[in-house]
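Okay, thanks for coming, everyone. I'd like to walk you through one structure today, so let's put it on the screen.

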Amino acid sequence: MTSRFRRIAVPLITASALALATAACGGSDTASNPASGPASDGAAAPAEKIQLKVGLFGDLGFKPLYEEFKKTHPNVEIVENITQFNDHHNNLVKRLATNAGAGDVEAVEVGYISTFTAQPQKFHDLKQYGLDKRQGDYLDWKWQQGLSKQGGQVLGLGTDVGGLAMCYRKDLFKKAGLPEDREKVAALWPTWEDYIATGKKFAAADVAGAKFVDAPGEIFRAIVNQAPTGLYDPQDNLVVDSNPDVKKAWDLSNQITAEGLTAKLAAFTPPWNTGFAKGSFATIICPAWMTGFIQEQAKDATGKWDIATVPGGSGNSGGSHLMVPKQSKHPKEAAELVDFLTTKDAQAQIFKEEGIFPSIPALYDDPSIQSFTKPFFGDTPIGKIYSEAAKALKPQHLGPKEADVRTAIGNGLGRVEQGKQTPDESWAQVLEDVKKIK
């Protein structure tokens with residue numbers, strides 16, 4: 001998600017896959033109500049101007065919606081604060097701990113959601129503002145992610161989901177003697193082992209200036225996210241050292257490095273951005289929001305990118321919730337803004353403009369979504385592809401330190417990619433680093 005939402009991603013943070021404010025001021029909630037009461041001459045007094053600060057880790061495409069919101073809330077000024085992925089979440093942790101500096105509305109990515117839902121005392125229960133009425137709109141697991149650990153409080157409303165696909169460069173595949181048609185491409189890699197075998201064929205063709213994949217970090221994440229259990233079990237026990245699916249993802253990701261298939265371009269860095277423009281890699285893990293990022297970074301590649309099914313068939317990477325910290329001086333208006341930004345119509349509009357895919361399943365069969373395409377991707381049925389991906393999603397339990405654990409693993413993949421450690425040496429260090437995460 002970037003110039004728009006695309007810069008968000010939730011990469012494993014490290015060289016292998018680098019991931020990516022003050023409280024609102026103004027009058028009281030009652031003063032901010034447009035129907036605040038009659039003036040001395042019998043006319044309604046104008047509502048006091050207030051400011052809502054919205055903290056984001058990328059451009060989620062909200063700006064046009066702010067203008068719509070202000071038509072019914074003319075007294076509200078909205079200020080966006082956008083910082084990088086890690087900085088945003090780490091700053092929010094600190095601001096909640098010190099009870100100072102949080103915005104009125106804060107976006108939280110799925111890797112961090114458990115960290116914050118475990119602190120219900122730090123957030124307003126949106127049920128107090130009637131937003132429990134929205135439960136029926138959502139995928140059940142997406143709704144559950146925004147609840148307090150005990151499930152009694154509604155702490156966040158979902159924005160998007162990151163159903164997975166695989167984006168690929170048709171022109172580079174053609175140069176390598178591989179098929180270009182998306183159905184034939186998907187048939188190349190029903191499994192991750194097949195994906196690696198296809199990568200070896202691509203490498204053998206020695207396409208000038210191009211590797212098969214950008215880096216192994218997001219491959220690891222995708223493989224783990226497809227498993228029934230990920231880094232934590234449902235009881236919040238860390239199972240990195242005992243879950244065979246985690247080790248399998250580690251081994252396959254490092255095999256990609258060992259086979260020389262990676263361009264060694266850390267995600268969301270300037271060299272990675274340049275890699276899109278130069279055609280430095282032929283495939284990339286591609287949740288819906290990534291399509292917007294590709295279009296922005298590879299402006300001269302219209303018609304060269306296409307989208308196929310991801311190995312393993314499904315999975316999720318990314319997705320966020322909007323929450324209202326207790327520090328907000330205007331929780332009623334903040335809750336109303338959260339509600340407005342996450343409606344069915346709002347999510348449909350943001351997808352069409354930014355590629356950020358909705359978490360409201362009623363949209364998945366909507367003709368305007370099913371038929372949606374982007375000129376940059378030619379006739380690729382983007383809406384249909386990501387609707388099917390979203391329908392196939394199977395929820396996975398996320399633990400309280402999910403993002404920190406992913407960072408430790410990503411750092412380990414980076415050490416292998418940089419030749420600093422063998423996979424076994426790095427795995428041993430990962431397990432030691434993970435033990436220290438409390």
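Look at Trp272 to begin with: its relative accessible area is 0%, so Trp272 is buried. One thing to keep in mind as we go is that this is a predicted model. So what does Trp272 pair with? With Phe268: the two form an aromatic pair, 4.5 Å from centre to centre, with 40 degrees between the planes, and that counts as tilted. Phe268 is buried too, at a relative accessible area of 15%. You'll find Phe268 in the loop between α9 and α10, where α10 covers 270–278.

There's something else about Phe268. Most residues other than glycine have a negative phi. Phe268 isn't a glycine, and yet its phi is positive, near 60 degrees. Asp236 does this as well, with a positive phi of about 70 degrees in a residue that is not a glycine. That one sits in the loop between α8 and α9. Buried or exposed, or something in between, for Asp236? Its relative accessible area is 29%, so Asp236 is partly exposed.

Back to aromatics for a minute. If you search the whole structure, you get 28 aromatic pairs. Take Tyr195 and Phe212: their ring centres are 4.8 Å apart and their planes are at 45 degrees, so that pair is tilted. I like this one because it links distant parts of the chain, with Tyr195 in helix α7, residues 192–204, and Phe212 in strand β6, residues 211–213, 17 residues apart. Both rings belong to buried residues: Tyr195 has 1% relative accessibility, and Phe212 has 2%. And they have company. Tyr168, Phe173, Trp189, Trp192, Tyr195, Phe202 and Phe212 form one aromatic cluster.

Now, helices. Two packed helices are described by the angle between their axes and the distance between the axes. Let's do that for α9, residues 244–258, and α16, residues 402–417: their axes come within 10 Å and cross at roughly 30 degrees. The cut-off for roughly parallel is under 35 degrees, and α9 and α16 are therefore roughly parallel to each other. The crossing of these two, α9 and α16, is right-handed. Who makes the contact? On the α9 side, Trp250, Ser253, Asn254 and Thr257; on the α16 side, Ile409, Gly412, Leu413, Val416 and Glu417. Sort the residues of that α9–α16 contact by type and you have 4 nonpolar, 4 polar and 1 charged.

Helix α9 has another partner, α17, residues 423–435. Here the axes come within 11 Å and cross at roughly 140 degrees, which makes α9 oblique to α17. The crossing of α9 and α17 is right-handed. From α9 the contact uses Val246, Lys247, Trp250 and Asn254, and from α17 it uses Pro423, Ser426, Trp427 and Val430. For the contact of α9 with α17, the split is 5 nonpolar, 2 polar and 1 charged.

Let me zoom in on Thr257, which is in helix α9. Thr257 is buried, at 14% relative accessible area. Setting aside neighbours within four places in sequence, what does Thr257 touch? Pro216, Thr262, Val416 and Glu417. And here's a long-range one: the C-alpha atoms of Thr257 and Gly419 are 9.8 Å apart, with their positions 162 residues apart along the chain.

Two more helices, quickly. How many of the 9 residues of α8, residues 217–225, are buried? The count is 9 of 9, so it's mostly covered, by the definition of buried as under 20% relative accessible area. Among them are Glu218 and Arg221, along with Ile219 and Phe220. Helix α12, residues 331–341, is also mostly covered, with 8 of its 11 residues buried. Those include Pro331, Glu333, Leu337 and Val338.

Hold on to Val338, since it takes us to my last stop, Gly158. Gly158 and Val338 are 180 residues apart in sequence, but 9.3 Å apart in space, C-alpha to C-alpha. Where is Gly158? In strand β4, residues 156–158. Gly158 is buried, at 2% relative accessible area. Its contacts, leaving out neighbours within four places in sequence, are Tyr138, Lys142, Ser320, His321, Thr342, Gln347 and Ser359.

That's my tour. Happy to take questions.

Technical notes
Residues are numbered from 1 along each chain as its sequence is written. This is a predicted model: local features need pLDDT of at least 70, side-chain atom pairs count only at pLDDT 80 or more; totals for chains, interfaces and linings use all residues. Side-chain values use heavy atoms; hydrogens and water are left out. Axes are lines fitted to C-alpha atoms, for helices over the stretch in contact, and angles run from 0 to 180 degrees between N-to-C directions. Helices (H or I, at least four residues) and strands (E, at least two) are DSSP runs, numbered from the N terminus. Angles under 35 degrees count as roughly parallel, over 145 as roughly antiparallel, 65 to 115 as roughly perpendicular and the rest as oblique. A crossing is left-handed if the near helix is turned anticlockwise from the far one by less than a right angle, and right-handed if clockwise. Contact means heavy atoms within 4.5 Å. Ala, Val, Leu, Ile, Met, Phe, Trp, Tyr, Cys and Pro count as nonpolar, Asp, Glu, Lys and Arg as charged, and the others, Gly among them, as polar. Rings of Phe, Tyr and Trp (its six-membered ring) pair if their centres lie within 6.5 Å; planes under 30 degrees apart count as stacked, over 60 as edge-to-face and the rest as tilted. Buried means under 20% relative accessible area, exposed over 50%, partly exposed in between (1.4 Å probe, protein chains only).
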